[in-house]
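Here is a small set of exercises to work through with the structure open beside you. Try each task before reading its solution.

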Amino acid sequence: MYFALIEPPDAREHGARITEPIDFTRTFVPDTVTPEFLASLYHGHTKEEGGKLLDLYRGKWMYARGTVKNVNDFEFGGKHVTLQIGPGGFLDRIFGDLTDTNVIAYFDSTWDDQISALHGGDRISIAGNVDTMSNDGLVLQSCELRSPR
């Protein structure tokens with residue numbers, strides 16, 4: 001496994017120098033592939049058609065940043081966090097799915113302490129492995145909390 005230190009692209013804008021290891025054994029989707037983009041693959045398509053479009057990204061890693069909506073225990077150990085990606089707030093209450101995309105992020109039990117400390121409304125950044133699209137949102141597996149990107 002090879003690691004390198006990188007500086008997130010927006011770190012200089014905020015006057016900070018943040019470095020994180022990059023695991024070169026993982027394949028990440030391009031930064032232009034967002035949870036909203038992956039959700040849009042299902043618009044106007046059946047779930048089966050959308051799944052075939054998602055296959056191009058399945059098994060690859062991606063970054064996501066959002067607001068914690070909920071934290072739950074996972075029946076097989078670990079926890080899952082529902083993140084709201086998008087504006088939410090007043091518009092979310094009126095228009096629901098039109099204004100936000102959810103990410104369901106599954107973390108293994110090594111993250112239990114950090115995940116248990118999260119509160120609704122917290123802004124977090126994660127990296128996770130693209131798995132599927134559920135009725136509740138994009139599902140990412142093997143997630144990790146990351147420094148804000």
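**Exercise 1. Find the barrel and trace its order.**

Task: In which order do the strands of the closed barrel run, and how are they turned against each other?

Solution. Step 1: the closed barrel has five strands, in the order β3-β4-β5-β7-β6, with mixed pairing. Two strands count as paired if DSSP finds at least two bridges between them.

Step 2: neighbouring strands of this sheet are turned by 55 degrees against each other on average, direction ignored. The axes behind that angle are lines fitted to C-alpha atoms, and angles run from 0 to 180 degrees between N-to-C directions.

Before going on, a word on the model: it is predicted, so local features need pLDDT of at least 70 and side-chain atom pairs count only at pLDDT 80 or more, while totals for chains, interfaces and linings use all residues. Residues are numbered from 1 along each chain as its sequence is written, and side-chain values use heavy atoms, with hydrogens and water left out.

**Exercise 2. Place the barrel in the whole chain.**

Task: How many helices and strands does the chain have, and how much of the chain is buried?

Solution. Step 1: count four helices and seven strands. Helices are DSSP runs of H or I with at least four residues, strands are runs of E with at least two, and both are numbered from the N terminus.

Step 2: reading from the N terminus, the elements follow the order β-β-α-α-β-β-α-β-α-β-β.

Step 3: of the 149 residues in the chain, 39% are buried. Buried means under 20% relative accessible area, exposed means over 50%, and partly exposed lies in between (1.4 Å probe, protein chains only).

Step 4: take the contacts between residues at least 6 apart in sequence; 56% of them join residues at least 24 apart. A contact here means heavy atoms within 4.5 Å.

**Exercise 3. Follow the pairing from β7 to β4.**

Task: How many bridges join β6 to β7, and β3 to β6 and β4?

Solution. Step 1: β6 (residues 123–134) and β7 (residues 137–146) are antiparallel and share eight bridges. Ala127 has Glu144 of β7 as its bridge partner.

Step 2: β3 (residues 61–73) runs antiparallel to β6, with seven bridges. Here Met62 is partnered by Gly128 of β6.

Step 3: β3 is also antiparallel to β4 (residues 79–85), this time through six bridges. Five residues lie between the strands of this hairpin, and Gly77 takes a positive phi near 100 degrees.

**Exercise 4. Compare the salt bridges.**

Task: For the pairs Glu48 with Lys52 and Asp73 with Lys79, which partners are buried and which exposed?

Solution. Step 1: the whole structure holds five salt bridges. The criterion is a side-chain nitrogen of Lys or Arg within 4 Å of a carboxyl oxygen of Asp or Glu.

Step 2: in the pair Glu48 and Lys52, the closest N and O atoms are 3.6 Å apart. The two residues are about one helical turn from each other, because they sit four residues apart in helix α2 (residues 47–54). Glu48 is exposed at 57% relative accessibility, and Lys52 is exposed at 55%.

Step 3: Asp73 stands opposite Lys79 in β4, and their closest N and O atoms are 2.3 Å apart. Asp73 is exposed at 59%, whereas Lys79 is buried at 12%.

**Exercise 5. Work out the surroundings of Arg26.**

Task: Where does Arg26 lie, and which residues does Arg26 touch?

Solution. Step 1: Arg26 sits in the loop between β2 (20–23) and α1, and is partly exposed at 23%.

Step 2: leaving out residues up to four places away in sequence, Arg26 touches Trp61 and Glu144. Arg26 and Trp61 are 35 residues apart along the chain, yet their C-alpha atoms are separated by 6.8 Å.

Step 3: a network of salt bridges links Arg26, Glu144 and Arg146. Within it, the closest N and O atoms of Glu144 and Arg146 are 3.2 Å apart, and Glu144 is buried at 17% relative accessibility.
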